[in-house]
Amino acid sequence: MAMAMVSELTVGFIGAGKMAFGIASGLLLSGNVKPEKVIASAPSNNNLYKFKEAGMQTTHCNTSVVEKCHVLFLSVKPSLMSSILKEISPFITPAHLIVSIAAGVTIETLEKLLPVGTKVLRMMPNLPCVVQQGTMVFCRGSNAKEQDGAVLKSLLSSCGLCEEIPESYIDIHTGISGSGVAYVYVFAAALAEGGVRMGMPFELSKKMVAQTLLGAAKMILETEDHPEKLKSDVCSPGGTTVQGLYELEKGNLRCTVMNAVEAATKRARELGKN
């Protein structure tokens, strides 16, 4: 499956939720895959209509997706993965590249339930894939080669950041970026409501908060400075920022956030054992 052939690949999705549609939309934006080269399956039309409206193929038959595609994204709930793999396993060939985005489901589990020799990648995206600003990581199974990882990265080039990492980091990434998006939304809502409390209209406050988070994130990426240094750069002795930070420290924000990452990581590991 050479890089030059990426545009010729048919990409399938079993499961058609927000994450699957976000990834599929990114594939189309990259220009690497045409809409008619994408096919998705789901039990009902509740989510499939979005794929159809974008010109992609849809079906209610999982095995039909397998038979038509080269790269197959498994975007179902972890609790359904075992039954889905048993259903599609007879139709998987050595030519398929299987990409699982189910939280907690390990390479070992996937390879155990698929035919011997199947090329498997385990990937964990996050919701901003929907707006092509995702944070995605993946690891390769025992039969997947470096070029298979390169194919995935090429396909996802318009979805955001995509890095290959050891599998032991995948569940941690779930706690940081997969679930972390929700933590940021909680913080953003609180910040916006703080603006309302001080007298600013909500819509304006929300816009200010969103741009503040975007700017702060860009500074972390572009300066490569430690966040603590960037925080210190904003503070001046006896100023407004240090006073606000003091209140955050009293509320134990750091420890609470670190505990949230630990709880989400542990939960991801538990899902993999079920």
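**Group meeting: a walk through the sheet and its helices**

Hi everyone, let's start with a pair of strands: E1, residues 11-14, and E2 run parallel to each other, joined by four bridges. One of the contacts in that ladder puts Val 11 opposite Val 38 in E2. Between the two strands the chain travels through helix H1, residues 18-30, and the resulting β-α-β crossover is right-handed. Before I go on, please keep in mind that this is a predicted model.

Let me stay with E2 for a moment. In a regular strand, side chains alternate between the two faces of the sheet. So are the two faces of E2, residues 38-41, covered or not? Both are covered: Val 38 and Ala 40 are buried on one side, and Ile 39 and Ser 41 are buried on the other.

On to the next neighbour. E2 also pairs with strand E3, residues 57-59, again in the parallel sense, this time over three bridges. Here Ile 39 has Gln 57 in E3 as its bridge partner. The chain gets from E2 to E3 by way of helix H2, residues 48-53, and this β-α-β crossover is right-handed too.

Now let's zoom out to the whole sheet. Which order do the strands take? Reading across, it goes E3-E2-E1-E4-E5-E6-E7-E8, so eight strands in an open sheet, and the pairing is mixed. At the edges sit E3 and strand E8, 160-164, each of them pairing on one side only. On average, neighbouring strands are turned by 20 degrees against each other, if you ignore direction.

Further along that order, E5, residues 97-100, pairs with E6 in the parallel sense over four bridges. Leu 97 has Lys 119 in E6 as its bridge partner. Just ahead of E6, which spans 119-124, there is a loop coming from helix H5, 107-113, and Gly 117 lies in that loop. Is Gly 117 buried, exposed or partly exposed? Its relative accessible area is 36%, so Gly 117 is partly exposed. Its C-alpha atom is separated by 8.9 Å from that of Ala 144, a residue 27 positions away along the chain.

What about helices on the sheet? Helix H4, residues 78-88, lies across E1, E4 and E5, and runs at about 150 degrees to E4. Helix H7 packs on the sheet as well, touching E6 and strand E7, 134-140, with its direction at about 170 degrees to that of E7.

H7 also has a helix partner. Its axis and that of H12, residues 253-273, come within 8 Å and cross at roughly 135 degrees. That angle makes H7 oblique to H12, and the crossing is right-handed. For the side of H7, residues 170-178, the contacts include Asp 171, Ile 172 and Ile 176, while on H12 they include Val 261, Ala 264 and Arg 269.

My last pair is H8, residues 180-197, with H9, residues 202-223. Their axes come within 8 Å, with a crossing angle of roughly 135 degrees. H8 and H9 are therefore oblique to each other, and H8 passes H9 in a right-handed crossing. Where they meet, H8 brings residues including Val 184, Phe 187, Leu 191 and Val 196, and H9 answers with residues including Phe 202, Val 209 and Leu 213. Lys 206 of H9 is one of the contact residues too.

That's my tour, thanks for listening!

Methods: Residues are numbered from 1 along each chain as its sequence is written. This is a predicted model: local features need pLDDT of at least 70, side-chain atom pairs count only at pLDDT 80 or more; totals for chains, interfaces and linings use all residues. Side-chain values use heavy atoms; hydrogens and water are left out. Buried means under 20% relative accessible area, exposed over 50%, partly exposed in between (1.4 Å probe, protein chains only). Two strands pair if DSSP finds at least two bridges between them. A crossover is right-handed if, with the strands pointing away from the viewer, the path from the first strand over the helix to the second runs clockwise. Axes are lines fitted to C-alpha atoms, for helices over the stretch in contact, and angles run from 0 to 180 degrees between N-to-C directions. Angles under 35 degrees count as roughly parallel, over 145 as roughly antiparallel, 65 to 115 as roughly perpendicular and the rest as oblique. A crossing is left-handed if the near helix is turned anticlockwise from the far one by less than a right angle, and right-handed if clockwise. Contact means heavy atoms within 4.5 Å.
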